[in-house]
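Reader: I have a structure in front of me, and I would like to understand how the words used to describe it are justified. Could you take me through the reasoning step by step?

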Amino acid sequence: QRVTPFTELLEQWYSGQMRGRLESLGLTKLELHIDWLPDYKCIDIQGRRNRLYVDIQIEPASFTIAMDEVEPDDPTEYALVSAEGFYDTLRDAL
């Protein structure tokens with residue numbers, strides 16, 4: 001079974017490496033959760049960056065990033081091509 005970008009990020013979440021990488025990008029007050037249902041799998045991340053609330057949803061084929069000072073409810077969607085690509089995209093968005 002091959003390792004996909006989603007399973008690589010899931011392994012990073014499980015090991016705690018993801019939290020460290022997100023903190024190095026300036027995210028604070030992080031909450032990381034996993035939704036693992038038969039028809040839906042997602043790494044759900046909420047945090048702060050300065051005055052912005054940040055909401056990130058990582059699914060097996062794509063991820064979204066939403067940021068706002070009050071309620072981050074207008075996400076931008078990106079293809080999940082690689083784990084490193086996820087962090088690069090997030091860094092550019094922040």
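Author: What follows is a set of questions and answers about this chain, which is a predicted model.

Reader: Which elements make up the chain, and in what order do they run from the N terminus?

Author: The secondary structure comes to 3 helices and 5 strands, and from the N terminus on the elements run α-α-β-β-β-β-β-α.

Reader: What makes the chain as compact as a globular protein of that length?

Author: The radius of gyration is 13 Å, and the globule rule gives 12 Å for 94 residues; the two values are close, so the chain is as compact as a globular protein of that length. As for its extent, the C-alpha trace spans about 40 × 25 × 20 Å along the principal axes.

Reader: Why is T64 called buried?

Author: A residue counts as buried when its relative accessible area is under 20%, and T64 has a relative accessible area of 18%, so it is called buried. T64 is found in strand β4, which covers residues 62–68, and, leaving aside residues up to four places away in sequence, T64 touches D55, I56, Q57, P75, T76 and E77. Taken over the whole chain, buried residues make up 35% of the 94 residues.

Reader: How do you know that K29 is exposed?

Author: The word exposed is used for a relative accessible area over 50%, and K29 has a relative accessibility of 68%, so K29 counts as exposed. K29 is found in strand β1, residues 28–37, and has a positive phi of about 50° although K29 is not a glycine.

Reader: What makes N50 exposed, and where is N50 found?

Author: The cut-off for exposed is again a value over 50%, and the relative accessible area of N50 is 68%, so N50 is exposed as well. N50 is found in the loop between β2 (40–49) and β3 (52–58), and its phi is near 55°, a positive value in a residue other than glycine.

Reader: What supplies the exposed area of the chain, and how far apart are the mean positions of the positive and negative charges?

Author: The chain exposes about 5800 Å², of which carbon and sulfur atoms supply 48%. There are 9 positive and 18 negative charges, and their mean positions are 7 Å apart.

Key: Residues numbered from 1 in each chain as written. Predicted model: local features only at pLDDT ≥ 70, side-chain atom pairs only at ≥ 80, totals over all residues. Heavy atoms only, no water. Helix = DSSP H or I, 4+ residues; strand = E, 2+ residues; numbered from the N terminus. Rg over C-alpha atoms; globule rule 2.2 N^0.38 Å. Buried < 20%, exposed > 50% of the residue type's maximum accessible area, 1.4 Å probe, protein only. Areas by Shrake-Rupley, 256 points an atom, 1.4 Å probe, with all protein chains shown as cover. Lys, Arg positive; Asp, Glu negative; His and termini not counted. Charge placed at Lys NZ, Arg CZ, Asp CG, Glu CD. Contact = heavy atoms within 4.5 Å.
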